[in-house]
Every structure is written in structure tokens, then in C-alpha cells.
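User: Could you take a close look at the ligand site for me? I'd like to know what surrounds the ligand and what the protein around it looks like.

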Amino acid sequence: MITNNPSINRKQELPLKDDTSGIFLKVMISIAVFLFAVTLAGVLSINSMLNAWNESILGSVTVQVMPVNSADQKKAKQETMDHLQKTIEFLKKVPEVEHVRALNDQQLAKLLQPWLGDGIEIENLPTPKLIDVKLKSGAEINFAKLAEQLAAVSPLASVDNHKLWLNKLIKFADGLKMLALSILFLVVAITSGAIFYTTQANLGVHRYIIEILHIMGAKDTYVAQQYARQDAWIGFVGGCIGLAFAIPTIFMIAGLADQIEGGIISDAKLSWLSWLAIACLPLLSAMTAMGTAYYTVKKTLEKMM
Amino acid sequence: MLRHSDIGNPVVIDMKNVGIRYDLGPEVLSDINLSLRKGSFHFLTGKSGAGKTSLLSMMYLAQKPSRGVLNVFGKNVNFTNRDSLALLRRRIGVVFQDFRLIDHLSAFDNVALPLRVCGMGEKEVKKRVKELLQWVELDKHMFDRASTLSGGEKQRIAIARAVINRPDILLADEPTGNVDNDIARKLMKLFIELNKLGTTVVIATHSEKLITDFAYPRLHLNDGNLRIFMPNEGLRGGMRTI
Ligand SMILES: Nc1ncnc2c1ncn2[C@@H]1O[C@H](COP(=O)(O)OP(=O)(O)O)[C@@H](O)[C@H]1O
Ligand SMILES: [Mg+2]
């Protein structure tokens with residue numbers, strides 16, 4: 001008796017499980033989730049890389065002023081000091097700057113001590129003068145612009161090279177991130193579009209049954225729920241398949257990145273939180289598919305009586 | 001048009017100057033004026049293509065009139081929102097000329113449809129559907145797919161589906177066309193029972209025998225116009241427009 005119980009074996013009025021468009025959607029969604037996962041991993045690792053770089057770039061800058069070379073040592077020294085003074089005056093006026101301090105000769109001596117040993121007379125050596133610039137907390141300075149302005153103030157002054165270079169890298173990574181984010185957006189938009197059109201076509205296929213349901217007094221939500229349930233499942237399964245392909249791919253790309261020398265890419269580690277976000281993608285695809293299907297059905301049925 | 005027992009009952013279907021056309025074609029029905037009171041029983045006749053199905057489909061809210069005013073249960077269908085229309089439809093049982101069963105569902109699931117769309121619990125659904133399937137003598141076929149049933153069996157399933165919800169209005173489009181005389185009588189008895197309980201009934205039919213055997217007023221469609229004849233009034237004899 002139990003085995004033949006129709007309430008247990010209750011069938012959905014709309015035979016959505018048997019539709020071939022379900023297979024198309026599953027494949028489509030698994031490809032979308034694959035692309036999404038790999039791109040998201042990219043975004044997240046660029047992010048952690050950017051954080052590490054920004055930390056090293058924020059806070060302070062070192063500006064150096066090269067010594068003037070001249071036979072007249074006294075005059076050369078005076079000119080160097082003039083350039084130093086001009087540079088300091090300029091730096092104090094930069095809005096992002098909190099505090100400017102020229103390293104004095106003792107501090108310079110200390111820095112040079114490992115190379116030159118004790119007891120050197122720093123004033124008589126043509127060493128560059130260093131200025132330590134503390135930035136206001138949270139301030140982001142445009143290094144390229146600063147370098148240009150410094151060059152205008154004094155041809156002898158320049159920004160620490162490493163940071164300038166890192167700054168350019170950050171710009172590049174930022175651009176890459178925006179590109180990746182727009183890919184994420186596009187993937188979601190295209191997938192939703194595909195779900196929209198397949199659902200709409202499917203409603204046409206089952207128009208006969210939907211009309212019967214309507215005349216029996218079914219509200220639009222009754223039909224929409226059947227589609228939403230089915231597409232949530234398709235979205236979840238498709239998402240899991242896409243993820244299953246994406247995870248080894250992410251590891252492979254990470255392995256390739258590790259081989260790049262210089263330790264720059266090594267900052268690009270995915271945190272466990274990032275992995276969690278990637279692992280949750282099938283839920284996201286299920287929800288997107290469910291929401292889109294529900295919305296499409298409601299919108300399409302509104303045109304019927 | 002009215003029996004004495006109907007007088008004073010509220011009007012459940014009201015048409016004023018209703019016309020209907022399909023796309024840009026000519027009007028299939030024009031200037032239909034009709035008031036059906038709660039508890040009334042009418043036959044609907046007319047040649048094939050006269051517009052019986054079209055008239056019924058407006059009554060069961062599958063189509064809006066192209067012009068004129070249609071009130072169902074006192075609500076103007078042109079100013080009623082979709083969810084409220086759905087609630088009105090739940091009070092109307094329909095037997096379609098072509099049955100309109102869902103082929104991949106069992107007889108049970110087809111009959112259960114009106115109960116499920118309004119969210120009835122499965123236990124109650126099971127009880128009611130079994131009872132009714134026994135009554136139409138189809139309990140043996142309860143779990144058969146609708147597509148495997150014969151024409152007469154499909155018709156009985158269609159009728160069971162129409163009455164399962166104890167509707168306030170029952171609209172049947174040639175419901176006895178595919179069954180033998182015994183079953184036709186039995187089904188008529190069912191409609192009459194429901195009518196006695198207060199259901200408003202309209203039955204479109206070709207069967208002169210049915211019309212003469214059961215003395216109910218008759219709505220007759222001809223050339224897009226509706227005329228009403230009292231029982232035992234021949235179509236030729238007392239032609240009257242109302
Ligand atoms: N969905 C439709 N589209 C176009 N014309 C239709 C449609 N339904 C019915 N008609 C036309 O309306 C007229 C009345 O049809 P119908 O209401 O089915 O009459 P009956 O049920 O009395 O046979 C016929 O001429 C038919 O061709
Ligand atoms: Mg017809």
C-alpha cells in the first residue's frame with residue numbers, strides 16, 4: 001500500500017525534470033561557475049598581494065638628494081644643503097605628508113657603518129642626503145606625480161626607486177582586478193540571461209499545462225515555485241561540477257605562479273576565507289538560478305489572463 | 001430563465017453587452033446580456049462553431065471579453081488583479097470539451113489538481129480524491145497515467161476534477177459526449193445533486209435527449225446572439241429575446 005501511495009509518489013504537474021533544456025543549463029552553469037571560481041581566485045589573490053604591497057608602501061617614503069660634485073668642496077657642500085633645504089620645504093607642503101625629517105650625519109654614519117666602518121667623517125664624503133617622510137595615516141600618495149614634482153624642485157632629489165616601481169605594479173594589479181571583476185559580472189549576467197531565455201522558452205513548451213493550472217485557480221507563484229525549485233537544483237549541481245574542475249585549475253595556476261622569482265607573487269596566497277568563498281559558489285549559482293527562474297516565470301505569466 | 005427557487009439569489013455571473021473576437025477576426029459573440037443567479041441550472045446549445053466554448057471560457061475566466069462588462073461573483077474581471085482572479089477561479093469547476101487532462105500524471109493526480117493548487121494537505125486530498133474516484137467508478141485506474149485511459153474514462157476524470165472542490169459554479173462543455181447513456185444519466189444526476197446544494201450549473205450540449213429529459217432553461221446561441229428558452233418551449237415555437 002505504502003509503495004503505491006500517490007501522495008508519496010506525488011509528481012510535479014510540470015515535467016521539468018525530463019526537459020532537455022535542463023542539461024543545457026547544467027552545462028552552461030558548470031562552465032560559468034568554473035570561470036567564476038578561477039577568476040574569483042585571481043581577484044582574491046590579487047587583493048592579498050595588493051594588501052601586502054600597500055602595507056609596505058604606506059606610511060613612509062624615503063627621498064634622497066644626491067650630493068653636488070665639484071672641486072670646490074665647500075661650495076659643493078653648500079649647494080647640496082640648499083637642494084636639501086628646498087626639497088624639505090617642498091615636502092612639507094605636500095598635503096599627504098605628516099612630518100619631514102632629514103637624517104643627520106650621525107644617523108647616516110650609522111647606516112653606512114656596516115660598509116665603511118667606524119670613525120668616518122661623513123661631512124667630507126659625497127654621500128646622498130636622506131629625508132624620511134612620514135605620511136598621514138590612510139593617505140595614499142601618487143608616487144609618479146611626487147617623483148615628477150621633486151624633479152622640478154630639484155634635479156638632485158628622487159623618490160626611493162623600489163617604492164616607485166611597486167607603486168606602478170599596484171596600478172597594474174588594480175587594473176587587472178577591475179578587469180577580473182567585470183568578468184565576474186559578465187559571467188553572472190550571461191548565465192542569468194541564459195536562464196531567463198530557457199525558462200521563457202520552457203514556459204511556452206508547457207503552456208498547455210500552465211493554462212490548466214491557471215484555470216484550476218493556481219496563482220503564478222505556484223508555477224514559479226516549481227521552476228525555482230528545479231532551477232535551484234540545476235544551479236547547485238552545475239555549480240558543483242564547475243567547482244570540481246576549478247579547484248585543480250586554481251592549484252595549477254598557483255603552482256606556476258610560485259615558480260616566478262622575486263617573491264612578488266608569493267604574497268598572493270589565498271586565505272581560508274577566500275577558499276570558503278570559492279567553496280560556496282554552488283550555493284551562489286543555485287540561488288542565482290532560482291531567483292532568475294522565479295522572476296522570469298512571474299514576469300512571463302503576467303501577460304496571460 | 002429563472003426558476004422560482006432562484007429568484008432573489010445573488011447574481012454570480014453577469015454579462016452586459018459582452019462581445020468577443022479572436023485577434024482581428026469578426027465578433028464570435030456580440031452584445032451578450034446574461035445574468036445567472038446562484039443555484040440556477042442552464043443548458044447551453046447552438047451549432048458547432050456558434051460560440052458555446054467561447055462563452056464558457058469567459059465565464060471560467062480564461063478569456064476577457066473584447067468589449068462589454070463581465071462580473072463574476074460580483075467582481076468586474078477587468079478591474080481584478082491576477083491573484084484575486086485565481087481565487088475566483090477556485091470557486092469555478094470546469095469540464096472541458098477536450099478534457100484537458102495532464103497526460104503524464106495519474107488519474108489520482110489529475111483529480112487532485114484543484115485541491116493542491118489551493119494548498120490543501122495531502123491527507124485530506126487523498127481522502128477526497130479516493131472517494132470521488134470510487135464514485136465515478138475509476139478507483140481501479142487510480143494510478144494509471146491519464147494518457148492510457150479511454151475517452152469515456154478521461155471524461156469522467158475531467159468531471160471528477162471539476163467537482164472535487166465543490167465549486168460554486170460548474171461549467172461543463174459537452175460533458176456527456178463520450179460516455180454511454182447509463183453513465184450520462186449518472187453524471188447528470190451528479191450535476192443535479194450539486195445544483196441542489198447551491199452550485200450554479202451551465203452545461204453545453206448537443207444532446208436533444210438530455211434537454212428534453214431534464215427540464216431546465218436553455219441558452220441558445222445563433223449568429224453570435226444569445227436567446228433564452230424556458231423548458232418545453234421549442235426553439236421554433238416561442239422564440240424570444242431577453
Ligand atoms: N482560440 C481561437 N482562436 C481563433 N478563433 C477561435 C478560437 N476559439 C474559437 N474560435 C472561433 O470562434 C468561433 C466559435 O468557436 P467555439 O466557441 O469553439 O464554438 P462552439 O464551442 O460552439 O463550437 C468559431 O468560428 C471558432 O473558429
Ligand atoms: Mg465547443
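Analyst: Sure, with the reminder that this is a predicted model. A good place to start is helix α1 of chain B, residues 52–59, which gives the most to the shell around ligand 1, with three residues. The whole shell reads Y22(B), V28(B), K47(B), S48(B), G49(B), A50(B), G51(B), K52(B), T53(B) and S54(B). Sorted by character, that makes three nonpolar, five polar and two charged residues.

Now for the polar contacts. S54(B) reaches in with a polar side-chain atom, 2.6 Å from an oxygen atom of ligand 1. K52(B) uses a polar backbone atom instead, at 2.8 Å from a ligand oxygen, and a backbone N or O atom of A50(B) lies 3.3 Å from an oxygen of ligand 1. On its own, ligand 1 has 550 Å² of accessible area, and the protein covers 55% of that.

As for the surrounding fold, chain B has an open, mixed sheet of six strands, ordered β6-β7-β8-β3-β9-β10. Its edges are β6 (92–95) and β10 (225–229), each pairing on one side only. On average, neighbouring strands are turned by 20° against each other, ignoring direction.

Within that sheet, β3 (residues 41–45) and β8 (residues 200–204) of chain B run parallel, paired over four bridges, with H42(B) opposite V202(B). Helix α6 (residues 181–196) of chain B packs on the sheet and touches β3, β7 and β8, pointing at about 135° to β3(B). Helix α5 (residues 151–163) of chain B lies across β6 and β7 (169–173), at about 175° to β6(B).

Key: Residues are numbered from 1 along each chain as its sequence is written. Chains are lettered from A and ligands numbered from 1 in the order in which they are written. This is a predicted model: local features need pLDDT of at least 70, side-chain atom pairs count only at pLDDT 80 or more; totals for chains, interfaces and linings use all residues. Side-chain values use heavy atoms; hydrogens and water are left out. A residue is near a molecule or strand if one of its heavy atoms lies within 4 Å of it. A polar contact is a pair of N or O atoms within 3.5 Å; within protein, one must be able to donate a hydrogen and the other to accept it, and residues adjacent in sequence count only if both atoms are side-chain atoms. Accessible areas come from the Shrake-Rupley method with a 1.4 Å probe; for residues, only the protein chains shown count as cover. Helices (H or I, at least four residues) and strands (E, at least two) are DSSP runs, numbered from the N terminus. Ala, Val, Leu, Ile, Met, Phe, Trp, Tyr, Cys and Pro count as nonpolar, Asp, Glu, Lys and Arg as charged, and the others, Gly among them, as polar. Two strands pair if DSSP finds at least two bridges between them. Axes are lines fitted to C-alpha atoms, for helices over the stretch in contact, and angles run from 0 to 180 degrees between N-to-C directions. Contact means heavy atoms within 4.5 Å.
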